[in-house]
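Grab a coffee and open your viewer. Here is a set of exercises to work through, each with a solution you can check against the coordinates.

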Amino acid sequence: MKDFYLEILHIDKQTGARYGILHTPHGDVEVPMFMPVGTLATVKGLSPEELKSLGTGVILANTYHLSLRPGADLVQKAGGLHKFMNYDGPILTDSGGFQVFSLSENRKITEEGVHFKNHLNGDKLFYTPESVIKIEEKLGADIIMSFDECIPYPVSYEYAKRSTERTIRWAKRGLDAHTRQDQALFGIVQGGEFEDLREMCTRELVKLDFPGYAIGGTSIGEPKDICLKMVDYAVKHLPKDKPRYLMGVGSIDYLLEGIARGIDMFDCVLPTRLARHGALMTSTGRVNILNAKYKDDLTPLDPNCDCYSCKNYTKAYLRHLYVSDEMFGKRLLSIHNIRFLIHVMEGARRAIQEDRFGDYLKLTLSAFGDKRGF
């Protein structure tokens, strides 16, 4: 794909972290980057214009959920996701592989595909690697993901091996079914916590020559050291000239540790989900806006933040909106949390270009307080 490629511009001398430009049919974006999640073709509570003002590049949408409502045919009729949701930047659609994990009580995995029970009305559904690609082609995102199984944790070696081998076969089937040359199809590395399976999966996917690669099956309840080992097992076998995407990661320490390991792209629902529960990420650590000490606090949420919420409103006002269950309050909190993570990424990119990312990682986590924090 001539319109999709990663241009690596600098490697940090302290850690090996990468800075570059990801070129896509809908614009160029700097990496490493955090991608907000818009499951149903919307990042909850925020407009496309607000997302752009926060510095957002790529945003995500969910293939499984959009196939149920409003349906891929309607999105295609509307001109694809970009026109349907009025977002002119790059979009990524996941494949539904995470739903194979999260909806485990309502699905059955076979070699051909996955039988689901529609979580909305109970209807029977059947997704295959080929049918998922066809749905993603109708949705029309710039980056689309192969259909895989997100292996649960913990799991036996035998289960992980069977699942990983099937994911590789599914990746080949999806690649054979893919026809749109304006979409970049990523392979997804699975293998659980097992180094040999991660290596096998990575090497087999690299043979298929995908334009990008994701590392899946992480951040699903495993300890942090296991998660980072999973990343290490895969990264050392991935091509240096193609984008690397760590799926489902949104806490600040995981993001920075991932960057240090050569990851370019991250996504997570964490910032907006936390905001809806009154939890904020700030430069000095976690803030729970429900805390009574903020009732009369007329200072900004984060004096080091340049977002709309911090520049215009106080903790007292944000707390008032939240305890009053005002929709505007949750929007303001979501704006802050997304901007906070994007701001951290902006700082990371500068640090990489100046060969001081290792120092940036330590200083940022130290200032944040209890590191993961959530």
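The exercises below go from the whole chain down to single residues, and the model they use is a predicted one.

**Exercise 1. Work out how the radius of gyration of the protein compares with that of a compact globule.**

Step 1: count residues. The protein has 374.
Step 2: get the reference value. A compact globule of that length would have a radius of gyration near 21 Å.
Step 3: compare. The protein comes in at 20 Å, which agrees with the globule value.
Step 4: look at the extents too. The C-alpha trace spans about 60 × 50 × 40 Å along its principal axes.

**Exercise 2. Describe the make-up of the fold, its contacts and its surface.**

Step 1: list the secondary structure, which consists of 15 helices and 16 strands.
Step 2: check burial. Of the 374 residues, 58% count as buried.
Step 3: see how far along the chain the contacts reach. Taking contacts with a separation of 6 or more, 67% are between residues 24 or more positions apart.
Step 4: turn to the outside. The accessible surface is about 15,500 Å², and carbon and sulfur atoms own 51% of that.
Step 5: place the charges. There are 48 positive and 49 negative ones, and their mean positions sit 3 Å apart.

**Exercise 3. Find the largest nonpolar core and say which helix gives the largest share of it.**

Step 1: recall the background. Nonpolar side chains tend to be buried together in soluble globular proteins.
Step 2: pick out the core. The largest one holds 93 residues, and Leu81, Leu256, Ile259, Phe266 and Phe357 have the most contacts inside it.
Step 3: assign the share. Helix α14 (residues 327–353) supplies twelve residues, the largest share.
Step 4: zoom in on one hub. Leaving out residues up to four places away in sequence, Ile259 touches Ala17, Pro32, Phe266, Met345, Ala348, Ile352 and Phe357.
Step 5: don't miss the other core. Apart from the largest core lies another one of 20 residues, with Leu6, Met33, Val58 and Met265 among them.

**Exercise 4. Which residues of helices α6 and α13 are buried?**

Step 1: recall the geometry. With 3.6 residues a turn, an α-helix has residues three or four places apart pointing the same way.
Step 2: go through α6 (residues 129–139). Its buried residues are Pro129, Val132, Ile133, Ile135, Glu136, Glu137 and Leu139.
Step 3: see what comes next. Gly140, just after α6, has a positive phi of about 85°.
Step 4: do the same for α13 (residues 315–323), where Lys315, Ala316, Leu318, Arg319, Leu321 and Tyr322 are buried.
Step 5: name the cover. The buried residues of α13 are covered by elements including α11 (270–276) and α14.
Step 6: check the exit. Asp325 follows α13, and its phi is positive, near 55°.

**Exercise 5. Track down the backbone oddities: where are cis peptide bonds found, and is Ala41 buried or exposed?**

Step 1: scan omega. The bond from Arg69 to Pro70 is cis, with omega near 10°. Pro70 belongs to the loop between α2 (63–68) and α3 (72–77).
Step 2: keep scanning. Tyr153 and Pro154 are also joined by a cis bond, with omega about -5°. Pro154 sits in the loop between β10 (143–145) and α7 (157–177).
Step 3: scan phi. Ala41 isn't a glycine, yet its phi is positive, about 65°. Asp209, likewise not a glycine, has phi near 60°.
Step 4: test burial with the cut-offs, under 20% for buried and over 50% for exposed. Ala41 has 10% relative accessibility, so it counts as buried. Asp209 has 54%, so it counts as exposed.

**Exercise 6. Which residues does Tyr294 contact outside its own stretch of sequence?**

Step 1: locate it. Tyr294 is in the loop between β16 (285–288) and α12 (308–312).
Step 2: check burial. Its relative accessibility is 9%, so Tyr294 counts as buried.
Step 3: list the partners. Setting aside neighbours within four places, Tyr294 is in contact with Val287, Asn288, Ile289, Lys315, Ala316 and Arg319.
Step 4: add a distance. Tyr294 and Leu318 are 24 residues apart along the chain, and their C-alpha atoms are separated by 9.0 Å.

Note on methods
Residues are numbered from 1 along each chain as its sequence is written. This is a predicted model: local features need pLDDT of at least 70, side-chain atom pairs count only at pLDDT 80 or more; totals for chains, interfaces and linings use all residues. Side-chain values use heavy atoms; hydrogens and water are left out. Helices (H or I, at least four residues) and strands (E, at least two) are DSSP runs, numbered from the N terminus. The radius of gyration is taken over C-alpha atoms; the globule rule is 2.2 Å times the number of residues to the power 0.38. Buried means under 20% relative accessible area, exposed over 50%, partly exposed in between (1.4 Å probe, protein chains only). Contact means heavy atoms within 4.5 Å. Accessible areas come from the Shrake-Rupley method with a 1.4 Å probe; for residues, only the protein chains shown count as cover. Lys and Arg count as positive and Asp and Glu as negative; His and the chain ends are not counted. The place of a charge is taken as NZ of Lys, CZ of Arg, CG of Asp or CD of Glu. A nonpolar core is a set of buried Ala, Val, Leu, Ile, Met, Phe, Trp, Tyr and Cys residues joined through side-chain atoms within 4.5 Å.
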